[in-house]
Amino acid sequence: MKFLKKVMIFFIGLVVSSYGFSKENNKNIKVEPCGFDYDVDNYYCKTDKIKIFEKNIGMKPDFNKDYSVIKIDDGKYFRLAVLNQKNYKVYPLNYQVNKAKADFNYSAEKDELCISGDLYSYRDTYLNSKACFKIIDNAFVKVSVIENISQKNNDNNLVFIKTPISSDFFSNCTEKNPVKKCEQLERSNNRPYTLSELQKISPDLVILLNDSKVKSLNADTFRFLPKIKDSFYSIAEKYIDTDEESNSEFYLIKIKPELVVEKIGNYYSIDSSGIIGYEDENGKLLKKNLK
């Protein structure tokens, strides 16, 4: 009889460690699983975590068509989970991610979620690495790892745009200064990079820019704004040469956290507060806060 009770307790504990339920407007939250390895307190099924998941019901999916990525504050770390907005299932990721070095990359159009930085898990820790995951058979599965990326990427060597700046910076400069001086100022304040140059500095950044949305632009150069919180922007320039004249088309590329490409015409300006001004195809002046 004692043996039977122990078996029953074991199976009850197994079910509790695998699923967590809550109700929000008749919508059931289901967590699969509640914890990992020695995470015996069923971290992801605690009441406060269930409430976090409930608050994200109805949010616009930003990963793999139907999922919303949820970052949970865990002291010095982030814990990550995704909520399927169709069936309200939550799939946690089996890692703690160092906040200070965390860099996330995912989008609604992609089925792969990548994290760069320090990732900690029982018997499965990656430092200065990039790990990518997919949801396969109702669970996150690690599909690739690049270790020691800090030795391969030197993003800190990028020269970022110094604001205020405008797309006619060089031509305005040459009206008052020698060309050589303006070239030096361009390199230090408004440096454009070709993909071949970026390949030597940051191969991972080139991988992001090889997305079909960016490749279809056939851009000649890329400039980069300083990283702001979780966002990272680039301005792509495409040279347009005709028999009569030479012009440029510019595109604002939001690289992180989700890749978004927007045409901003043949002129832009960015003020010191991070507001970019540009004209749409109808000549209407638009402004956007990049911070």
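What follows is a short chat between a trainee and a mentor about a predicted model.

Trainee: How do you know how far to trust the chain overall?
Mentor: Start with pLDDT: the chain averages 83, and 86% of the residues score at least 70.

Trainee: What makes residues 1–19 a stretch to be careful with?
Mentor: Their pLDDT stays under 50, on a scale that runs from 0 to 100. The model has 15 contacts beyond four places in sequence for residues 1–19. Residues 21–26 also stay under 50, with 11 such contacts. Where pLDDT is low, predicted coordinates shouldn't be read in detail.

Trainee: Which residues of helix 2 are buried, and how do you know whether they share a side?
Mentor: In helix 2, residues 47–55, the buried ones are Lys49, Ile50, Phe53 and Glu54. They cover an arc of only 145 degrees around the axis, so they sit on the same side of helix 2. That fits the general picture: an α-helix has 3.6 residues a turn, so residues three or four places apart point the same way.

Trainee: Just after that helix, why is Asn64 called buried?
Mentor: Its relative accessible area is 18%, and buried means under 20%, so Asn64 qualifies. You'll find Asn64 in the loop between helix 2 and strand 3.

Trainee: And what makes the phi of Asn64 worth a look?
Mentor: Phi is positive there, about 50 degrees, although Asn64 is not a glycine. Most residues other than glycine have a negative phi.

Trainee: What about Asn218: buried or exposed?
Mentor: Exposed: Asn218 has 54% relative accessibility, and the cut-off is over 50%. Asn218 has a positive phi too, near 55 degrees, and lies in the loop between helix 7 and strand 11.

Trainee: Why is Val143 called partly exposed?
Mentor: Its relative accessible area is 37%. Partly exposed covers what falls between 20% and 50%, so that label fits Val143. Val143 belongs to strand 9.

Trainee: What makes Val143 eligible for a nonpolar surface patch?
Mentor: Patch residues need over 30% relative accessible area, and Val143 has 37%. With Ile136 and Val141, Val143 makes a patch of about 190 Å².

Trainee: How do you know which bond before Pro164 is cis?
Mentor: Look at omega: for the peptide bond joining Thr163 and Pro164, omega is about 0 degrees. Pro164 lies in the loop between strand 9 and strand 10. The bond from Lys256 to Pro257 is cis as well, with omega near 0 degrees, and Pro257 is in the loop between strand 13 and strand 14. Most peptide bonds are trans.

Definitions and conventions
Residues numbered from 1 in each chain as written. Predicted model: local features only at pLDDT ≥ 70, side-chain atom pairs only at ≥ 80, totals over all residues. Heavy atoms only, no water. Buried < 20%, exposed > 50% of the residue type's maximum accessible area, 1.4 Å probe, protein only. Helix = DSSP H or I, 4+ residues; strand = E, 2+ residues; numbered from the N terminus. Arc of directions from axis to C-beta. Patch = residues over 30% accessible without salt bridge, like charges linked within 9 Å, V, L, I, M, F, W, Y side chains within 5 Å. Areas by Shrake-Rupley, 256 points an atom, 1.4 Å probe, with all protein chains shown as cover. Salt bridge = Lys/Arg side-chain N within 4 Å of Asp/Glu carboxyl O. pLDDT = per-residue confidence, 0-100. Contact = heavy atoms within 4.5 Å.
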